[in-house]
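Me: I've just opened this one and don't know my way around yet. Could you walk me through how its pieces pack together?

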Amino acid sequence: MKDPFRTNQELLEEISVLKQRIKELEEYEARRSKDKEGLWRSDNPFHIFFDLAPDPMAITNFDDGRIIDVNQAFVAHSHYSRDELIGRTATEVGIWVNEEDRDAILKHLCDTGYVENIEVPFKRRNGEIRQAVFSGRPIEIGNQKWLLSVSRDITEHKQTERTLQESEERFRSLVETTSDWVWEIDRNSRYTYSSQKVRDFLGYEPEEIIGKTPFDFMSPQEVKRTIPLFKDIAKSRKSFSRLENTNLHKDGRTVVLETSGVPVFDEKGNFSGYKGIDRDITGRKEMEEALLKSEEKYRGIFENAVMGIFQTTPEGRYVSVNPAGARMYGYESPEEMMQSVADMARQVYVHPEDRQRLKDLIESDGFVEDFEAEHYTKNGGRMWASVNARAIRDASGAMLYETTSQNITERKQAEIRLLESEERYRTVFENTGAATVIIESDTTISLCNAEFERLSGYTKDEIEGKKSWTEFTDTKDWERMLAWHYLRRQDPNKAAKRYEFRFVTRSGGVRHIYLVMDIVPGTEKSVASLIDITDYKRAEEEKAQLESRLFQAQKMEAIGTLAGGIAHDFNNILTALTGYASLLQMKIDNGVLRTYTDQILFASRKAVDLIQSLLAFSRQQAVTLNPVNINNVIRNTKKLLKRLLTEDIKLRILIAPDDIIIMADVTQIDQILFNLITNAKDAMPHGGTLTIETRPVELDSEFRRSHGYGEPGNYALLSVSDTGLGMSETIREKIFDPFFTTKAIGKGTGLGLSTVYGIVKQHNGYITVHSKPNTGTTFHIYLPAVSNVGREYEPAPVPVSSRGNETILVAEDNETVRGFIKEILTEYGYTVIEAVDGADAIEQFNKTERIDLLILDSVMPEKNGREVYDEISRDRPDIQVLFTSGYTKDVILDKGIEGKQFDFIAKPILPDTFLQKIREILDRRLFD
């Protein structure tokens with residue numbers, strides 16, 4: 001037993017001895033490990049393969065699992081250094097993610113003597129989990145048993161497998177919704193599958209092309225060109241992509257397709273055909289052709305421009321020069337100039353620092369304008385040049401300067417002459433009869449004459465060099481004045497030299513001024529002469545007020561004509577869109593596709609409403625006028641109007657005691673009320689009172705005199721008033737313009753009040769609005785009143801059933817609309833005879849044994865709808881007819897179709913309404 005009373009010195013000496021012993025043991029262990037590694041490397045040439053192997057490899061002690069060597073791939077994949085790995089086990093390093101995986105591998109190794117391709121996760125030094133395939137076998141080196149292990153990182157491979165599986169699952173659902181045409185062909189190049197998109201590409205149904213080859217849809221010339229290409233592809237049995245080929249659409253059009261495909265092999269590895277996609281690149285090819293022409297055009301501009309056009313590197317070397325630029329600098333050709341100049345700063349610029357200033361401006365702003373500097377010509381002469389430049393990047397991304405240069409030597413010389421003549425013109429300046437000033441480029445007035453002093457109320461000392469031109473300009477004219485100065489800097493020749501503006505005097509008074517302004521030659525200064533036209537303007541204002549009313553009426557008429565003009569094409573498009581979407585909706589069970597179809601129909605019907613609003617505004621929508629008691633209209637819509645309002649808005653309805661009858665379309669009067677109520681609600685975000693009032697009024701000559709319009713007579717006055725925010729005069733002047741709105745984006749279309757305006761005008765009425773900010777708004781609508789017109793209009797009942805078994809002749813020149821009508825009628829049991837125009841309709845009628853109903857487009861080639869009906873009805877007076885049209889009411893009436901005389905349905909045709917209308921007409925025969 002050691003002495004417990006050893007001194008501290010003795011303890012320290014013993015500790016020192018122990019530390020030295022530990023160090024010797026550690027050094028021994030390191031030498032022993034290194035000796036082991038050296039042993040197997042010296043005795044076995046396998047170490048060369050081991051070091052260079054691409055997969056991670058390790059040699060470990062078979063008994064205790066300690067690592068004696070790893071290759072570079074192991075270090076790279078694990079992110080551990082060799083020093084961190086040698087002499088330690090994988091568990092100590094922290095490579096294993098799951099200890100049970102290690103135990104399972106050791107058990108398998110003990111049972112079989114080896115492990116092969118076992119998938120296990122492993123952990124890198126940074127904690128990242130990777131997936132690997134592990135294999136291991138025992139080896140002998142120097143009569144000692146070791147374990148050689150190899151692993152391969154398959155993380156990306158596993159991810160690829162998962163991605164591929166997900167892709168295959170999505171393929172079938174995506175193939176029918178993709179914008180590309182998906183197809184499959186057998187080894188004989190015959191189609192075995194086609195997606196629905198072939199209908200859009202070539203006009204054929206998928207079943208029409210099954211069994212045919214791609215060459216059946218090409219011209220003979222295209223077949224001759226493409227057969228060798230397709231043969232080479234089939235022979236190689238390799239994937240191909242972006243093979244352009246020209247096809248013939250079913251209607252005769254030429255369609256350019258871009259074809260890509262991959263070979264398909266059966267389970268035995270035998271080639272069985274191709275599957276692929278076609279993409280319609282007709283539009284792209286047309287754009288490429290247009291781009292080529294555009295490039296040729298701009299190349300011509302570059303070559304033939306009268307000014308110098310250059311591309312240079314920031315270092316000062318010419319990349320491209322046009323002929324005019326070479327001539328400007330005295331060179332025989334652009335090539336000579338590009339070869340001769342290697343350093344623009346010293347070879348072109350008289351003062352090299354000017355080139356550096358140009359670079360600094362471009363680098364800070366991206367461009368520079370009107371940069372003036374003195375340049376050398378080829379023979380050493382000098383000239384002044386004005387340069388515009390901007391920074392661009394070429395196709396490789398390298399920075400270039402794109403510049404234009406003009407020789408301004410004569411202008412610079414003119415500046416000198418101008419300075420010499422300045423004194424001569426000062427006398428003229430001072431003694432001219434108009435107020436005149438000289439304005440610097442920064443708008444400072446540098447010189448003014450006595451007339452300007454008198455006009456402004458300031459002295460010369462107070463003005464010159466101290467006052468800006470903007471200080472005398474009314475704030476309402478700032479924008480126009482600044483735009484003029486900006487345009488003058490861009491292109492002085494385009495800046496107007498005369499315009500009117502409002503001039504503010506020292507006392508705060510405003511004078512109307514006729515301004516004549518021009519640039520002082522050779523400078524950036526402007527000279528301005530001012531003529532006071534205040535009295536003249538006052539005389540013109542009264543005239544302008546009268547003209548503005550006329551202009552507003554003409555403007556609304558012009559916009560209405562434009563809106564009506566687009567209705568026909570939109571109505572045909574919307575008929576097909578809503579129709580086919582409705583058919584699709586019928587055939588799809590609930591699910592995501594049904595949701596997509598519902599959204600298409602929802603958006604399509606919003607488009608229908610938009611077109612109807614435009615037509616209402618343009619007053620070109622067909623309407624049915626009937627006697628209507630406007631008081632009853634208000635009563636019938638009262639409950640619905642209340643639902644449109646929030647609880648904090650009080651609704652007051654003041655109805656005239658006696659009935660007021662007008663000739664109107666009830667649905668459109670309802671629309672007036674709904675739009676005005678909606679606007680009023682939005683104008684009262686914090687609540688208020690909404691008042692709807694009716695009363696009879698008589699318009700007289702005084703009304704016409706004060707408003708500028710109005711035929712004398714008896715009218716029903718419909719007033720809608722709110723106590724909301726009101727509006728300014730500027731907004732009030734625009735509220736009936738289509739698409740004008742003060743609401744936030746997405747909160748309104750700007751068609752509400754323009755639709756009201758159109759409906760009122762279509763009913764031969766008038767509308768006025770009275771409003772000021774924070775005082776509310778009142779709309780007055782005057783509709784002509786009538787008397788002795790019989791019973792008030794009541795809507796007819798709607799038939800319940802929409803199915804039938806009758807035979808119907810459909811004459812429609814628009815193929816898409818005709819196809820939809822046939823589909824919907826066939827779906828509901830009817831037999832359909834198609835006709836492509838008026839003449840074809842008569843021919844089909846004569847060939848068919850019995851036809852129960854004619855559906856005729858009002859405007860068709862050969863014969864219009866009314867002409868077809870007149871000819872058929874001579875032989876069949878009892879024939880039923882339904883006219884359709886996407887045109888505005890004026891065109892329809894021109895074709896002899898009166899709404900009260902014939903059944904008519906306007907496009908866009910909505911399936912439910914269309915079927916009910918047909919059933920109503922056919923059932924009418926039973927009671928006639």
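Reply: Sure. Contact here means heavy atoms within 4.5 Å. Keep in mind that this is a predicted model.

Me: With that in hand, which residues of α32 do F820, I821, I824 and L825 in α28 meet?
Reply: Start from α28, which covers residues 815-827, and α32, which covers residues 911-924. The contact between these helices divides into eight nonpolar residues, with no polar and no charged ones. On the α32 side, the partners are P911, F914, L915 and I918.

Me: How are α28 and α32 oriented to each other, roughly parallel or roughly perpendicular?
Reply: Their axes are 11 Å apart, and the packing angle is about 65°. Angles of 65 to 115 degrees count as roughly perpendicular. The pair α28 and α32 is therefore roughly perpendicular.

Me: And is the crossing of α28 and α32 left-handed or right-handed?
Reply: This is the pair with a packing angle of about 65°. As α28 passes α32, the crossing is right-handed.

Me: α28 must connect to something. Which strands make a β-α-β unit with α28?
Reply: The unit is a right-handed one. Its two strands also pair with each other in the parallel sense, over five bridges. Within that pairing, A811 stands opposite A835. The strands are β28 and β29.

Me: What is the strand order of the sheet that holds β28 and β29?
Reply: This is an open sheet of five strands with parallel pairing. Averaged over neighbours and ignoring direction, its strands are turned by 20° against each other. The order is β29-β28-β30-β31-β32.

Me: Which strands stand at the edges of that sheet?
Reply: An edge strand here has a single partner strand, so one side of it is left without a neighbour in the sheet. That describes the strands at 831-835 and 903-906. They are β29 and β32.

Me: Which residue of β32 stands opposite F883?
Reply: β31, residues 880-885, pairs with β32 in the parallel sense over four bridges. Opposite F883 in β32 stands F904.

Me: What covers this sheet? Which strands does α29 touch?
Reply: α29 spans residues 838-847 and packs on the sheet, with its direction at about 140° to that of β29. Another helix, α30 (residues 865-875), lies across β30 and β31 and runs at about 150° to β30. The strands touched by α29 are β28, β29 and β30.

Me: How are α29 and α30 arranged, roughly parallel or roughly perpendicular?
Reply: The axes of α29 and α30 come within 9 Å and cross at roughly 20°. Angles under 35 degrees count as roughly parallel. That makes the two helices, α29 and α30, roughly parallel.

Me: Which residues of α30 make the contact with α29?
Reply: On the α29 side, the contact uses G838, A841, I842 and F845. By class, the contact residues are five nonpolar, one polar and one charged. From α30 come V868, E871 and I872.

Me: Let's move to another sheet. Which strands are at the edges of the sheet with the order β12-β11-β15-β14-β13?
Reply: Five strands form this open sheet, and the pairing is antiparallel. Its twist averages 30° from one strand to the next. Each edge strand pairs on one side only, and these strands are β12 (318-321) and β13 (367-376).

Me: Which residue of the β11 and β12 hairpin takes a positive phi?
Reply: β11 and β12 pair in the antiparallel sense over three bridges. Among the bridge partners, T312 goes with Y318, and Q311 goes with S320. There are five residues between the strands, and the one with a positive phi near 110° is G316.

Me: Which helix lies across β11, β13, β14 and β15?
Reply: The helix covers residues 352-365 and runs at about 170° to β13. Its name is α15.

Me: One last pair: at what angle do α23 and α24 pack?
Reply: α23 covers residues 630-644, α24 covers residues 666-682, and their axes are 11 Å apart. The crossing is right-handed, and the contact has nine nonpolar, one polar and two charged residues. The packing angle is about 35°.

Definitions and conventions:
Residues are numbered from 1 along each chain as its sequence is written. This is a predicted model: local features need pLDDT of at least 70, side-chain atom pairs count only at pLDDT 80 or more; totals for chains, interfaces and linings use all residues. Side-chain values use heavy atoms; hydrogens and water are left out. Axes are lines fitted to C-alpha atoms, for helices over the stretch in contact, and angles run from 0 to 180 degrees between N-to-C directions. Angles under 35 degrees count as roughly parallel, over 145 as roughly antiparallel, 65 to 115 as roughly perpendicular and the rest as oblique. A crossing is left-handed if the near helix is turned anticlockwise from the far one by less than a right angle, and right-handed if clockwise. Ala, Val, Leu, Ile, Met, Phe, Trp, Tyr, Cys and Pro count as nonpolar, Asp, Glu, Lys and Arg as charged, and the others, Gly among them, as polar. Two strands pair if DSSP finds at least two bridges between them. A crossover is right-handed if, with the strands pointing away from the viewer, the path from the first strand over the helix to the second runs clockwise.
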